[in-house]
Amino acid sequence: MKRIFTLFMIMFLAAIYSEKSEACTGISLSASDGSRVIARTVEWAATSMQCGYVVSPRGHQQQSYTPSGSDGMKFTSIYGYVGIYTEYEPFVVEGINEAGLSVGLFFFPGYGQYTPYDKSQSNSTICDMQFVSWVLSQFDSVDQVKAALKKVRVVTLNHKIGAVHWRITEPGGRMVVLEFVNGVAQFYENRLGVLTNAPGFQWHMTNLNNYINLRPGSAPDQTLKPGVTLHPLGHGSGMLGLPGDYTSPSRFVRAAFYQTTAPVAATGFDAVVQAFHILNNFDIPIGTQHTLEDIPKNLPSATQFTSATDQTAMKLYYRTAWNSNIRCIDLMNINFHTVKYQSHPLDNVTVQPVEMVKVK
C-alpha cells in the first residue's frame with residue numbers, strides 16, 4: 001500500500017511542478033535595531049496549490065520518502081519549528097526553527113544533479129523535498145549542516161520534477177546557498193542575500209556585472225552636441241535598463257537592486273513591511289506565463305504565497321494569492337516541548353477579505 005501511495009505521489013508531483021511553475025524570489029533585509037529579515041515568494045502557475053503550515057515539536061519523528069517507497073532516513077526533531085508546505089504536508093519549502101535557523105527551498109531545474117539513488121543506502125537517504133524539514137529539526141548552524149551532509153545522500157523522487165537548491169540562514173546573518181552539482185554538495189556564501197532559480201548562484205552573481213551602470217535616483221542630463229541635450233523623462237531614470245521580465249536572471253537582478261537601494265528600516269517589523277512592499281514587484285499575474293487557451297481557473301496569481309521571517313523576533317509572516325492581508329505566527333508563544341504536531345491551511349477561506357469603510 002505504501003509503495004502504491006508513493007508511486008502515485010511521485011506522478012502527482014511531476015505533474016504539479018511543471019516548467020510553468022518555477023519562479024521563486026528571495027531577499028533579505030536588516031534593520032537599525034539589529035533585526036534580520038528574510039523574505040521570499042513562492043510561485044506555481046500550473047494549478048492552485050493547497051498550501052499550509054506545520055508546527056513541529058521537539059521529539060517529532062519523520063521518515064523520508066525515496067523512489068522505492070517510504071523507506072528513507074528516519075530522524076527525530078531536536079528543535080521545534082514552523083514551516084510552510086505546498087500541497088503535501090511533509091514537503092516544507094520555507095521555515096524557521098526555535099534556534100532561529102531558517103531554510104528555504106527554491107527550484108533549480110536543468111542545473112542541479114543529485115547522487116544516484118542507491119536502495120541499499122536508503123537509511124541514510126533523504127529526498128530533496130524533505131530536506132528543509134530535516135535541517136530545521138536537527139541543526140542551529142550552517143557548519144552543522146555541512147558536517148552532517150557528509151553522511152547523507154540527497155535524492156529526487158522523480159527526475160522529471162527537476163532539482164532544487166536551498167537558502168540556509170543563521171540568525172546572526174550568515175546565509176549560504178546549497179546546490180548539488182554532479183552529485184556533490186556545493187555551499188556558496190551569499191553576502192548579497194538574494195536568490196531565485198536557475199542557473200546557479202555563482203552565474204547570477206557574475207551576471208550582475210552586466211548592470212554596473214544602474215543606480216538609484218535619476219540620470220544626469222547629457223548634451224550630445226550644442227543645442228541637443230537629453231533629459232530624464234521621469235524620476236528613477238538611473239534604473240533604465242533594469243530587466244522587467246519574469247525569468248530567473250531578470251528577477252535576480254531586480255531583487256538585488258530593489259533590496260540594496262532600500263533605506264534601512266528602524267525595526268524588524270518595519271523591515272518585514274518593507275520586504276512585502278519590495279516583493280510586490282515580483283507578484284506574477286495570471287496570463288503572463290500561459291497562452292489564452294492554457295490559463296488555469298480559480299488561480300488569482302501565480303504567486304501563491306509570500307512570506308517574511310523576522311529571525312530576531314522569531315516571527316513568520318505570510319500572505320497569499322487569495323488573501324493579501326499579512327498574518328503572523330509567533331514562535332515565542334509556542335512551547336515546542338509540549339505543543340502537539342499540527343498542520344493548518346494558510347487560508348481557511350479562499351476569498352479576499354475587504355474592510356468596508358463606514359462614512360458618517
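This dialogue walks through some features of a predicted model.

Reader: Where should I start inside the protein? Which residues of the largest nonpolar core touch the most other members?

Author: Start with four names. Phe131, Trp134, Leu149 and Trp166 touch the most other members of this core, which has 57 residues. Helix H2, residues 131-138, gives the largest share, 5 residues.

Reader: What is Phe131 in contact with, beyond its neighbours within four places in sequence?

Author: Phe131 meets Ile126, Val145, Leu149, Val154, Trp166, Ile168 and Leu178. A separate core of 33 residues also exists. Its members include Ala39, Val194, Leu242 and Phe282.

Reader: Now the outside. Which residues make a nonpolar surface patch?

Author: Leu224, Val228 and Leu230 make one of about 250 Å². Look at Leu230 in strand S15, residues 228-230. Its relative accessible area is 43%, so Leu230 is partly exposed.

Reader: How do I read a salt bridge?

Author: Begin with charge. Side chains of opposite charge can pair when their charged atoms come close. This structure holds 7 salt bridges. Take Lys119 and Asp71, whose closest N and O atoms are 3.1 Å apart. Lys119 sits in the loop between strands S8 (102-107) and S9 (125-127). Asp71 sits in the loop between strands S4 (61-63) and S5 (74-76). The two are 48 residues apart, so check both places: the pair links distant parts of the chain. Lys119 counts as exposed because its relative accessibility is 52%.

Reader: Are Arg167 and Glu94 buried or exposed?

Author: Both are buried. Their side chains meet in a salt bridge, 2.7 Å from N to O. Arg167 is in strand S11, residues 164-169, and Glu94 is in strand S7, residues 92-97. They are 73 residues apart. Arg40 joins them in a network of salt bridges.

Reader: What does the salt bridge of Glu189 and Arg174 tie together?

Author: Glu189 lies in strand S13, and Arg174 lies in the loop between S11 and S12, so the pair ties together parts 15 residues apart in sequence. The closest N and O atoms are 2.6 Å apart. Glu189 is partly exposed because its relative accessibility is 32%. Arg174 is partly exposed too, at 25%.

Reader: Next, the backbone. What counts as unusual there?

Author: Most residues other than glycine have a negative phi, and most peptide bonds are trans. Asn182 has a positive phi of about 55°, though it is not a glycine. Asn182 lies in the loop between strand S12 (175-181) and S13. Met314 has a positive phi of about 60° and is not a glycine. Met314 is in the loop between strands S16 (303-310) and S17 (315-320).

Reader: Is Asn182 buried or exposed, and is Met314 buried or exposed?

Author: Asn182 counts as exposed, at 65% relative accessibility. Met314 is buried, with a relative accessible area of 8%.

Reader: Which peptide bond is cis?

Author: The bond from Ala198 to Pro199 is cis, with omega near 0°. Pro199 is in the loop between S13 and H4.

Reader: Which side chain makes a polar contact with that of Thr196?

Author: The side chain of Ser248 does, at 2.9 Å. Thr196 lies in the loop between strand S13 (184-189) and helix H4 (201-207). Its relative accessibility is 0%, so Thr196 counts as buried. Beyond its neighbours within four places in sequence, Thr196 is in contact with several residues, including Cys24, Phe106, His165, His204 and Arg251.

Methods: Residues numbered from 1 in each chain as written. Predicted model: local features only at pLDDT ≥ 70, side-chain atom pairs only at ≥ 80, totals over all residues. Heavy atoms only, no water. Core = buried A, V, L, I, M, F, W, Y, C linked by side-chain atoms within 4.5 Å. Buried < 20%, exposed > 50% of the residue type's maximum accessible area, 1.4 Å probe, protein only. Helix = DSSP H or I, 4+ residues; strand = E, 2+ residues; numbered from the N terminus. Contact = heavy atoms within 4.5 Å. Patch = residues over 30% accessible without salt bridge, like charges linked within 9 Å, V, L, I, M, F, W, Y side chains within 5 Å. Areas by Shrake-Rupley, 256 points an atom, 1.4 Å probe, with all protein chains shown as cover. Salt bridge = Lys/Arg side-chain N within 4 Å of Asp/Glu carboxyl O. Polar contact = N/O pair within 3.5 Å; in protein donor to acceptor, adjacent residues only side chain to side chain.
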